[in-house]
Amino acid sequence: MGFVRNAWYVAGWSSEFGGDLRAITILEQNIVTFRAADGRVVALEDRCPHRLLPLSKGKRLGDTIQCGYHGMTFDGAGRCVRIPGQDRIPANAYVTAYPIEERHDIVWIWMGDPAQADPARLFNMPEFSDPRWHAHQGEALHLKSNYLNVAENLVDPAHVSFVHPTTLGNAASENVPVQVDTEGDPIVAWRWIRDSAPIGFFKNFGNFQGTVDRWHYYYLHLPCTAVIDFGSSDAAARLAEEDRDQGVRIFALHFMTPVNAQYTIDRWMHLRNTAQGDDAVSAQMDAMFNIAFAEDKAILEAIQEEENRPQQRPPVRLLIDKASNVYRKRIDDLVAAERPAA
Amino acid sequence: MGFVRNAWYVAGWSSEFGGDLRAITILEQNIVTFRAADGRVVALEDRCPHRLLPLSKGKRLGDTIQCGYHGMTFDGAGRCVRIPGQDRIPANAYVTAYPIEERHDIVWIWMGDPAQADPARLFNMPEFSDPRWHAHQGEALHLKSNYLNVAENLVDPAHVSFVHPTTLGNAASENVPVQVDTEGDPIVAWRWIRDSAPIGFFKNFGNFQGTVDRWHYYYLHLPCTAVIDFGSSDAAARLAEEDRDQGVRIFALHFMTPVNAQYTIDRWMHLRNTAQGDDAVSAQMDAMFNIAFAEDKAILEAIQEEENRPQQRPPVRLLIDKASNVYRKRIDDLVAAERPAA
Amino acid sequence: MGFVRNAWYVAGWSSEFGGDLRAITILEQNIVTFRAADGRVVALEDRCPHRLLPLSKGKRLGDTIQCGYHGMTFDGAGRCVRIPGQDRIPANAYVTAYPIEERHDIVWIWMGDPAQADPARLFNMPEFSDPRWHAHQGEALHLKSNYLNVAENLVDPAHVSFVHPTTLGNAASENVPVQVDTEGDPIVAWRWIRDSAPIGFFKNFGNFQGTVDRWHYYYLHLPCTAVIDFGSSDAAARLAEEDRDQGVRIFALHFMTPVNAQYTIDRWMHLRNTAQGDDAVSAQMDAMFNIAFAEDKAILEAIQEEENRPQQRPPVRLLIDKASNVYRKRIDDLVAAERPAA
């Protein structure tokens with residue numbers, strides 16, 4: 001296992017970045033951030049190259065950071081601009097600067113080769129800019145779990161019947177097979193549960209009187225963005241796959257930020273085609289998501305503990321694992337491709 | 001060091017096992033248990049072979065356990081009986097089932113090759129079934145110590161003078177040599193302290209007026225059961241070794257369950273030929289044992305910490321170590337014999 | 001990295017040693033100490049050679065220690081003088097005894113070859129015995145840091161401008177170059193800041209009306225003793241280097257005791273040529289030192305955490321590092337010289 005470095009990761013919601021120095025960790029790299037005078041977010045290696053003190057323990061002076069030990073000072077590009085007591089600035093007196101892009105109130109950071117940091121590769125959805133859709137940022141779920149298991153959980157329609165029986169699943173879907181399309185990016189796994197009782201989520205938000213047709217589409221964009229498109233419409237309407245916008249439709253977005261091999265932050269938000277601008281509905285949805293994600297967290301952390309123990313036999317693979325298997329294979333290939341030639 | 005696997009270990013007192021799923025760890029193996037409808041205790045590997053979630057995080061359905069992640073279901077023999085969403089059950093979809101026997105309110109588990117799990121090898125004493133003897137189950141002492149040091153402490157008459165001066169020993173025994181018989185199983189170490197003041201235990205329970213003859217016999221049954229036969233009688237009676245039943249006699253039983261190389265549970269109980277059916281006496285004895293075992297725990301945990309540090313020279317061996325040395329050698333031989341041939 | 005063993009280290013202030021057994025750890029060695037009947041401090045390896053129980057868990061009997069497990073007893077020279085239950089005392093039944101010297105209310109311990117423990121090598125200063133100087137013992141600062149970084153901080157005049165702006169430094173000194181003399185033992189680094197505002201310390205204790213000349217001399221005695229000579233006098237006096245006694249002069253002494261590679265105790269005290277016998281001034285100075293040393297502690301512990309993480313490039317070296325570089329080189333050489341030949 002490893003990390004894909006040449007990729008945009010979510011560093012945080014825009015609201016998390018202000019003028020103060022803030023330390024974050026992504027892909028095992030400690031990073032210090034602040035929002036500069038021009039509004040752009042600066043992200044630097046959080047370690048002075050002299051005595052290794054984290055720069056986040058120093059102080060911001062204008063758009064530079066002064067180290068708290070001997071006053072070495074670095075600008076937003078990571079260049080050393082001052083060494084108290086000496087004039088010459090050695091060539092190795094710098095810190096790494098990370099490319100940053102900010103879109104739709106999300107701050108993205110590029111963790112690999114800066115020359116490849118193409119903003120065109122940022123994750124996007126047309127619904128971000130569509131007034132018929134309401135976007136709402138949720139919280140940051142901290143998981144003592146490696147990101148592969150978190151991602152796997154997010155391309156896995158089958159678990160909702162057992163893990164989320166009061167919110168996102170119910171017994172009606174237990175035996176409905178999962179379909180997958182693993183050819184492109186994103187990887188997709190989905191199923192429809194036709195003509196059954198609404199799940200907890202749509203009891204609350206759909207105002208349905210009878211049975212519904214319900215769908216779950218899981219889109220997993222490599223390496224670390226998942227979109228879960230789920231919704232319901234009256235079973236009588238016999239909704240076609242391509243007409244999902246006519247039902248109550250919700251996109252649950254998950255941006256996974258691997259902190260290290262044992263820790264992942266999952267920032268989640270949603271886009272919905274109902275109750276636009278209604279903060280009370282947003283809060284109610286957050287509450288239901290929080291129930292569901294706490295259920296996932298308990299499972300993912302228990303699995304991590306088991307993975308850290310000796311394994312006596314290889315795991316069993318099931319039909320429902322197809323999307324996950326392809327995802328892991330692709331991550332392995334990307335990590336291998338980034339490895340320097342021997 | 002290692003563990004003897006082909007042996008019965010105590011999984012717990014009978015009262016510890018009810019209908020709910022319960023996770024325990026023995027010899028580094030995580031195990032889920034429950035008492036089935038027919039009253040028998042089931043013990044399964046506590047890890048779903050699919051995604052490694054502990055089955056103890058799932059739920060019991062009849063006499064099966066359903067995994068909490070994707071609903072794979074296992075019966076009491078460890079066989080997978082259901083995989084939601086697919087009909088074929090792969091051959092490797094199983095969990096290990098551990099043989100269990102229950103006798104005299106104690107649940108025993110066999111940690112090695114099930115084909116060798118012979119109930120005739122269960123530890124037993126005639127006094128368990130003898131109405132002249134009162135049996136009383138004590139508590140489970142949790143020790144941050146490997147089991148070899150715990151066992152050593154339980155075949156060691158010499159330490160009671162120094163470690164348990166208020167309960168099980170006193171200064172009169174400090175220099176009395178220890179006798180041993182290391183030919184058979186159990187290994188035995190013993191000594192008599194004749195014509196001296198009663199120890200704390202027999203001040204409380206013997207009602208002795210003058211000096212007593214006191215004995216301590218330590219029987220260590222491999223790998224993990226210890227019986228300490230101790231008692232006193234009036235010194236004037238000049239009690240013979242074979243007539244110990246005529247004195248006040250207590251068997252303190254210790255069942256050691258190695259959790260891992262650094263952690264052992266010692267479940268202790270006693271059998272006594274006095275105060276049958278008197279719960280107040282049982283409680284008073286528990287209180288004295290608790291004092292003594294807390295003293296052992298402090299020592300054994302301090303020793304474990306030292307053993308985890310670098311050793312600069314081999315330890316000194318004393319005459320009192322003979323039983324312990326034989327015990328360790330036999331455990332080594334048993335562990336080596338279980339190791340697969342190269 | 002490693003430790004110099006053939007050296008005197010501070011085991012504690014004299015007031016820390018009484019009649020009770022006390023466990024300390026120095027250079028990863030666990031040591032039990034007590035003050036014997038003749039007033040001398042005894043220091044023994046804190047591990048019984050039999051079952052490894054720390055002797056500090058046993059009890060003192062006269063000037064011997066009896067092990068708390070089986071009663072083996074050791075005198076102040078580490079010799080076993082009793083084994084209960086057997087007469088013969090094996091040759092390997094001993095614990096290491098450490099040479100101890102006590103001077104000026106400080107207890108020193110020799111961690112290497114006892115034959116080389118020469119009291120003439122104890123650290124000393126004439127001011128200890130000079131009535132014009134007031135000595136005051138401060139506290140023991142516990143640092144989760146290896147001792148090399150602590151020592152480095154104590155031969156580093158440059159950091160005070162940035163780390164201790166309210167007590168020991170101010171902006172006037174930021175760009176004043178540091179001078180060093182690395183030829184002898186101690187290594188010396190120093191600078192004068194002429195004709196500037198007094199720092200916090202001398203606002204409180206010098207009663208200066210205008211600007212001052214201020215000096216900081218850092219003397220680092222290998223391996224682990226630092227003396228910081230700092231003071232101020234009226235700028236108008238144009239004080240010469242050799243006339244520092246005419247100003248307000250303070251020696252801040254630091255005795256570093258490496259506990260292990262990640263933990264150091266820094267016992268600090270001061271000698272001053274002002275306010276002799278004035279306990280209130282001692283307390284006020286302690287308060288200011290405590291502010292400053294807490295600032296150092298925060299930095300040193302953050303650095304230790306960074307050093308424990310992977311390093312991607314070698315650190316930058318600056319002109320201010322000269323004294324520190326020489327110190328580390330000399331420690332390396334001493335450690336290498338003590339290593340047994342292959």
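## Contact between chains A and B

In this predicted model, 20 residues of chain A are in contact with 19 residues of chain B. On the chain A side of this contact, two helices, α2 (160-163) and α4 (279-307), each supply at least two residues. Helix α4(A) provides the largest share of the side of chain A that touches chain B, namely five residues.

When the residues on the side of chain A that touches chain B are sorted by class, 13 of them are nonpolar, while three are polar and four are charged.

## How the chains are related

A turn of 120 degrees, with a shift of 0.0 Å along the axis, lays chain A on chain B with an RMSD of 0.0 Å. The two copies are therefore related as by a three-fold rotation axis.

For chain A and chain C, the superposition likewise takes a turn of 120 degrees and a shift of 0.0 Å along the axis, and the RMSD is 0.0 Å. Which residue of chain A has its C-alpha nearest the axis? That residue is A:Asn308, whose C-alpha lies 12 Å from the axis.

## Two domains within chain A

Turning from the assembly to the single chain, chain A is divided into domain 1, which covers residues 8-119, and domain 2, which covers residues 128-335. The centres of domain 1 of chain A and domain 2 of chain A, taken over C-alpha atoms, are separated by 34 Å. In the contact between these domains, domain 1 of chain A takes part with nine residues, and domain 2 of chain A also takes part with nine residues.

## The domain 1 side of the domain contact

Which strands each supply at least two residues of the side of domain 1 of chain A that touches domain 2 of chain A? They are β1 (8-13) and β2 (22-26) of chain A, and β1(A) gives the most to this side, with three residues.

By class, the side of domain 1 of chain A that touches domain 2 of chain A is made up of five nonpolar residues, together with two polar and two charged residues.

## The two contacts in brief

Taken in turn, the contact of chain A with chain B draws its largest share on the chain A side from α4(A), whereas on the domain 1 side of the contact between the domains of chain A it is β1(A) that gives the most.

Technical notes. Residues are numbered from 1 along each chain as its sequence is written. Chains are lettered from A and ligands numbered from 1 in the order in which they are written. This is a predicted model: local features need pLDDT of at least 70, side-chain atom pairs count only at pLDDT 80 or more; totals for chains, interfaces and linings use all residues. Copies are superposed by least squares on the C-alpha atoms of residues with pLDDT of at least 70 in both. Domain bounds come from an automatic or database domain assignment. Two residues are in contact if their C-beta atoms, placed from the backbone, lie within 7 Å. Helices (H or I, at least four residues) and strands (E, at least two) are DSSP runs, numbered from the N terminus. Ala, Val, Leu, Ile, Met, Phe, Trp, Tyr, Cys and Pro count as nonpolar, Asp, Glu, Lys and Arg as charged, and the others, Gly among them, as polar.
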